[in-house]
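The following questions and answers work through one model, from single residues to the packing of the whole chain. Please consult the sequence and coordinates alongside the text.

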Amino acid sequence: MTISISEIFNFNSAHRLYNKNWDISKNLIEFGKCSFPNYHGHNYKLEVKLSGKVDINLGNTISRNKICDIVNKEIIQHLDHKNLNIEIPQFSNLIPTVENIAIVIWDILNKIFENKYNLEVKLYETERNFVVYKG
Ligand code: NI
């Protein structure tokens, strides 16, 4: 019997989609206004999903407090109100697309949560687009 628990978090970050190896016009073709030089922001919504068996003593899979403490400390404090390109080392050579942000988040959290939880990360960049990453 496997059950999944999800927690939702929000953070606001600035970014710019830009490939350093291309000139401005090639970046404009590929990324449109997302490549404008002065950055822009998104209100990201993050869903962290963990799956597992219900512990007979606790009545849960993993405590919500534990999930929230870890995600707030390791992800939200790390990314919220930051410029991803400039301030976050993981993006110094990685374009901060919603795909890459989700992968970075998963990599950080997967080092902390035990493998048995089959961590899944869903990241919304807008209300209309999101990605799902399970490693
Ligand atoms: Ni954007």
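**Contacts, core and metal site**

The backbone oxygen of Ile95 lies 2.7 Å from a polar atom of the Asn100 side chain, a polar contact (a pair of N or O atoms within 3.5 Å; within protein, one must be able to donate a hydrogen and the other to accept it, and residues adjacent in sequence count only if both atoms are side-chain atoms). This is a predicted model, in which local features need pLDDT of at least 70 and side-chain atom pairs count only at pLDDT 80 or more, while totals for chains, interfaces and linings use all residues. Residues are numbered from 1 along each chain as its sequence is written, and side-chain values use heavy atoms, with hydrogens and water left out.

Q: Is Asn100 buried or exposed?
A: Asn100 is found in helix H4, where helices (H or I, at least four residues) and strands (E, at least two) are DSSP runs numbered from the N terminus. Buried means under 20% relative accessible area, exposed over 50%, and partly exposed in between (1.4 Å probe, protein chains only). Because its relative accessibility is 19%, Asn100 counts as buried.

Q: How far apart are the end C-alpha atoms of helix H4?
A: The expected span of a helix is 1.5 Å times one less than its number of residues. Helix H4 has 13 residues (98-110), so it should span 18 Å. The expectation agrees with the model, whose end C-alpha atoms are separated by 18 Å.

Q: Which element gives the largest share of the largest nonpolar core?
A: A nonpolar core is a set of buried Ala, Val, Leu, Ile, Met, Phe, Trp, Tyr and Cys residues joined through side-chain atoms within 4.5 Å. The largest one has 31 residues, of which Leu46, Ile105 and Leu123 touch the most other members. Two or more residues each come from S1, S2, H2, H4 and S4. The largest share, 8 residues, comes from H4.

Q: Which residue does the side chain of Ser13 reach through a backbone oxygen?
A: Ser13 belongs to strand S1 and counts as buried at 4% relative accessibility. Leaving aside neighbours within four places in sequence, its contacts (heavy atoms within 4.5 Å) include His40, His42 and Leu79. At 2.8 Å, the backbone oxygen reached by the Ser13 side chain is that of Leu79.

Q: Which residues coordinate the nickel ion?
A: Donors are N, O and S atoms within 2.8 Å of the metal (3.2 Å for Na, K and Ca); water is not among the atoms, so sites may look incomplete. The donors follow the spacing H-x24-H-x1-H along the chain. His40 is partly exposed at 24% relative accessible area, whereas His42 is buried at 14%. Coordination is through NE2 atoms at 2.0 to 2.1 Å, from His15, His40 and His42.

Q: What is the distance between the closest N and O atoms of Glu7 and Arg64?
A: A salt bridge is a side-chain nitrogen of Lys or Arg within 4 Å of a carboxyl oxygen of Asp or Glu, and the whole structure holds 6 of them. One of these pairs links distant parts of the chain, Glu7 in strand S1 and Arg64 in helix H2, 57 residues apart. Glu7 is buried at 7% relative accessible area, while Arg64 is exposed at 53%. The closest N and O atoms of Glu7 and Arg64 are separated by 2.4 Å.
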